[in-house]
Amino acid sequence: MSIDMSQFYQTFFEESFEGLDAMESGLLSLDVGAADIETVNTIFRAAHSIKGGSGTFGFTAVAQFTHVMETLLDEMRADTITVTTETVDLLLKSVDVLRDMLTAVQTETEIDEERTIEIQSALEALLSGESVASSSEEIVGTETPTVICWTIRFKPFDYLFKTGNDPVRIFQELSELGDFSVVCNTEDLPLFEMLDPELSYLSWSIKLDGVISKEQISEVFDWVDGDCELEIGTEDQVPEKVVANLPTVAVPVPEPLSCSDEKKIPESTPLAATPAPALVKDKPTKKSTAADQGSIRVSIDKVDALINMVGELVITQSMLGQLGEQIDDDRLEKLQDGLAQLERNTRELQESVMRIRMMPISFAFQRFPRMVRDLSNQIGKEIELRLQGESTELDKTLMEKISDPLVHLVRNSIDHGIETPNDREAAGKSRVGIVELNAFHQGGNVVIEISDDGKGIDREVITGKAIEKGLISESDILTDEQVFDLIFSPGFSTAKVVSDISGRGVGMDVVKRNIRELGGSVEIQSKKNEGSKIIIRLPLTLAILDGQLIQVGSHTYIVPLVSIIESLQVKESQVNAIAGQAEIYKLRDEYIPIVRLHNSFSVNTDVTQLTDGLIVVVEGDGQRAGLFVDDLLGQQQVVIKSLETNFRPVEGVSGATILGDGTVALILDVTGLIKLSRQERIVAA
Amino acid sequence: MAKILAVDDSASMRQMVGFTLKSAGHDVIQASDGAEALKLAQVNNIDLVLTDINMPIMDGITLIKNLRTLPAYRFTPMLTLTTESGTDRKMEGKKAGATGWIVKPFSPEQLLATIKKVLG
């Protein structure tokens, strides 16, 4: 039978990358000199699993590399190699190499052999040459083929059955090797009443003729080595006693694949239709499609809750069904109860389904210990990273998209925030700077805070730079918030020396844009010499949105609540019409353009006088505008349906949803709307 | 066919072993660590135990030791799945009461051959 191993690749890669993350965080938490044995064990187990899996699935290069790592970890476990900063560094590098190797195998690209060999040699150099050699597996060759008449005396110790072994199995195996005959010796059998049926009293004399090596026979007795008296000899020679030292014969390993062969992973096909991967050598095949699909691990609790909820729903449904069959006025109250229950079920079910996509934020946080360690070594700062709220859950897609902005912000804190140890000491602070990542739920949002106890943001430097760049004028009076917000302007950097970590001035604006695209916001708080805190607020999920329903003519639109600043009634005196069509509203000391939604969407409405309707002040991508609407309706959570997939992209609209009465309402894209109205003004002008 | 308890903390190994055994018509029960396996063994009549050695929570050696104290599993064949090429861990398994071992990496064919050997 042949089994297509490629069907297990995806699981192998997933668990291996998880294992690598576990190894990395384990290594980072290891105390030099006095390593915690449990941590070393965890790291060892991860390496061990990767080695086992890669060997089994034919990724020989990975298996060989991991083997050396595993040997080193085993020595650490046995305390024959002490944990030093150098060994930890080398192991961390090995984790990187291994990650690259696995990625290369997964994506069927070339493994960077030079680097692999470099790190592997460094690992081997750390180990004594002897231990490496003795632990590598060798295939024992067989002797030259001549017929030998073997005589074997086999006397198991009385407890043999308690190991689950059975002499009959051994005899069957021997009989497969050649001409087999056996004589049972019952002389040690006690009287029946003395006999313990669980013990073995028998011994056997076996004759075995054939082209058989001694190793082959020893292999059959491998599992009972040490549990029996065993003599293996030929008819013409005195049987040799081999009770204590049976030669160990390694089970032959599968035919090794070379690195280049590993790229040729056969496509996932049904069982027995494809030969085993080791046999496919010339046929170039595409990557298995299964490997492309992201998968998600869901805890059993969540699935159970979901199943439970569906059960409830079924009960409610059948209750309502029964009511519907014989409905009269008396049963109206029951019907209402039933509908209320249905609503509750639906909401709970929706929440449960959403929770499936939620993952603890530790997935995004786990890369930071390593990054902080490497960066602080690189730039000579002493930094302690504190992680809090790692179990806070966040939508998987959001998690993936927030990762890079987070990296950028943490790099900034390390590079710009935390001072050098000497500067810190001079400022009366501890030499070790603290960078803290904290995540928690607040209302319907996830809040992620990145704080440091560094030098804080210098107002003067920022305003100076902003004046120099022409972003503000010298006469402008700005609040702290507005000053800090300047950091997010494109091309803004105050770093005196541009380092390769940060300070190139690209980034913070991208960070802000990315976060806004996710429907979130970012804010900076800072005190000079005390530190800075960057606060990111994200929606829990991208699938649901808190919306403000607005009315324009006979249509209902939805404005995302996060983009609404305030809503107000228009005072005629505050409105200025400039250059033809454009209307500007004076909001306190700020002028904002008015976007008439009935014009933007060509909707007929009776409300065309600004004083008859309302202005909803919104902000999108740093720009403010006043949306002129007929009226505000309620606020509610709406499920976002994509217009792109169901219809086509529409400017000024980010999606649609279905309201309770079955009508479709468009969800406004505030940034797009502001851009759109500006273009209209330009065209009109 | 036989009811086999397969224990491994690696999901891909569990998948591979499980699929192979099922394809050969065996009934397979899987566990991801020793403690889970021990619980499952108590509510099932297992004919053969295949267990990895290095696992979190409860390792394979402890699992075998524990299983051997149960009357139902005094004579049940139990094999360790081990990548250790040295004899130490095999012997440790044997001391705990293991019947034998299968050395990783193994192919599905090798696995089935060994199991056939044990089950007769």
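**Exercise 1. Chain B as a whole**

What percentage of the 120 residues of chain B count as buried? Describe also the fold pattern and the confidence of this chain.

*Solution.* The model is predicted, so local features need pLDDT of at least 70 and side-chain atom pairs count only at pLDDT 80 or more, while totals for chains, interfaces and linings use all residues; side-chain values use heavy atoms, with hydrogens and water left out. Residues are numbered from 1 along each chain as its sequence is written, chains are lettered from A, and ligands are numbered from 1 in the order in which they are written.

Step 1. Buried means under 20% relative accessible area, exposed means over 50%, and partly exposed lies in between (1.4 Å probe, protein chains only). Of the 120 residues of chain B, 62% meet the buried criterion.

Step 2. Helices (H or I, at least four residues) and strands (E, at least two) are DSSP runs, numbered from the N terminus. Chain B contains five helices and five strands, and its sequence follows the pattern β-α-β-α-β-α-β-α-β-α.

Step 3. For pLDDT, the predictor's confidence in each residue from 0 to 100, the mean of chain B is 89, and 97% of its residues reach 70 or more. For the complex, the predictor gives an ipTM of 0.83 and a pTM of 0.56.

**Exercise 2. Strand β18 and its partners**

Determine how strand β18 of chain A is paired and whether its residues are buried or exposed.

*Solution.* Two strands pair if DSSP finds at least two bridges between them.

Step 1. Strand β17 (residues 583–587) of chain A is antiparallel to β18(A), and four bridges join the two. Within this pair, Lys586(A) stands opposite Tyr591(A).

Step 2. Strand β20 (residues 623–629) of chain A runs parallel to β18(A), with three bridges between them. Here Ile594(A) faces Gly626(A) as its opposite residue in β20(A).

Step 3. Strand β18 (residues 590–596) has five of its seven residues buried, so it is largely enclosed by the rest of the structure.

Step 4. The hairpin of β17(A) and β18(A) has two residues between the strands, and Arg588(A) takes a positive phi near 45° there. Arg588(A) is exposed, with a relative accessible area of 56%.

**Exercise 3. An open sheet**

Establish which strands of the five-stranded open sheet of chain A stand at its edges.

*Solution.* Step 1. The strand order is β21-β13-β14-β23-β22 (chain A), and the pairing is mixed.

Step 2. The edges are formed by β21 (631–639) and β22 (653–658) of chain A; each has a single partner strand, so one side of each is left without a neighbour in the sheet.

Step 3. On average, neighbouring strands of this sheet are turned by 35° against each other, direction ignored. The axes are lines fitted to C-alpha atoms, for helices over the stretch in contact, and angles run from 0 to 180 degrees between N-to-C directions.

Step 4. Inside the sheet, β14 (residues 555–560) and β23 (residues 664–668) of chain A run parallel and are joined by two bridges; Ile558(A) stands opposite Ile667(A) in β23(A).

**Exercise 4. Two helices of chain A**

Compare the span of helices α13 and α3 with expectation, and locate the bend in α13(A).

*Solution.* The expected span is 1.5 Å times one less than the number of residues.

Step 1. Helix α13 (residues 396–417) has 22 residues and reaches 30 Å from its first C-alpha to its last, close to the expected 32 Å.

Step 2. A bend is the angle between axes fitted to the seven residues ending at a residue and the seven starting there. In α13(A) a bend of about 35° occurs at Ile402(A), and Pro405(A) follows within four residues.

Step 3. The N-terminal end of α13(A) is capped by Asp395(A), whose side-chain oxygen lies 2.9 Å from the backbone nitrogen of Thr397(A).

Step 4. Helix α3 (residues 60–77) has 18 residues and reaches 25 Å, close to the expected 26 Å. Of its 18 residues, 14 are buried, so α3(A) is largely enclosed by the rest of the structure.

**Exercise 5. Backbone exceptions**

Identify the cis peptide bond in chain B and a positive phi in chain A.

*Solution.* Most residues other than glycine have a negative phi, and most peptide bonds are trans.

Step 1. Lys104(B) and Pro105(B) are joined by a cis peptide bond, with omega about -5°. Pro105(B) lies in the loop between β5 (100–103) and α5 (108–119) of chain B.

Step 2. Asn529(A), which is not a glycine, has a positive phi of about 70°. Asn529(A) is in the loop between β11 (521–527) and β12 (531–539) of chain A, and counts as partly exposed at 48% relative accessibility.

Notes
A polar contact is a pair of N or O atoms within 3.5 Å; within protein, one must be able to donate a hydrogen and the other to accept it, and residues adjacent in sequence count only if both atoms are side-chain atoms.
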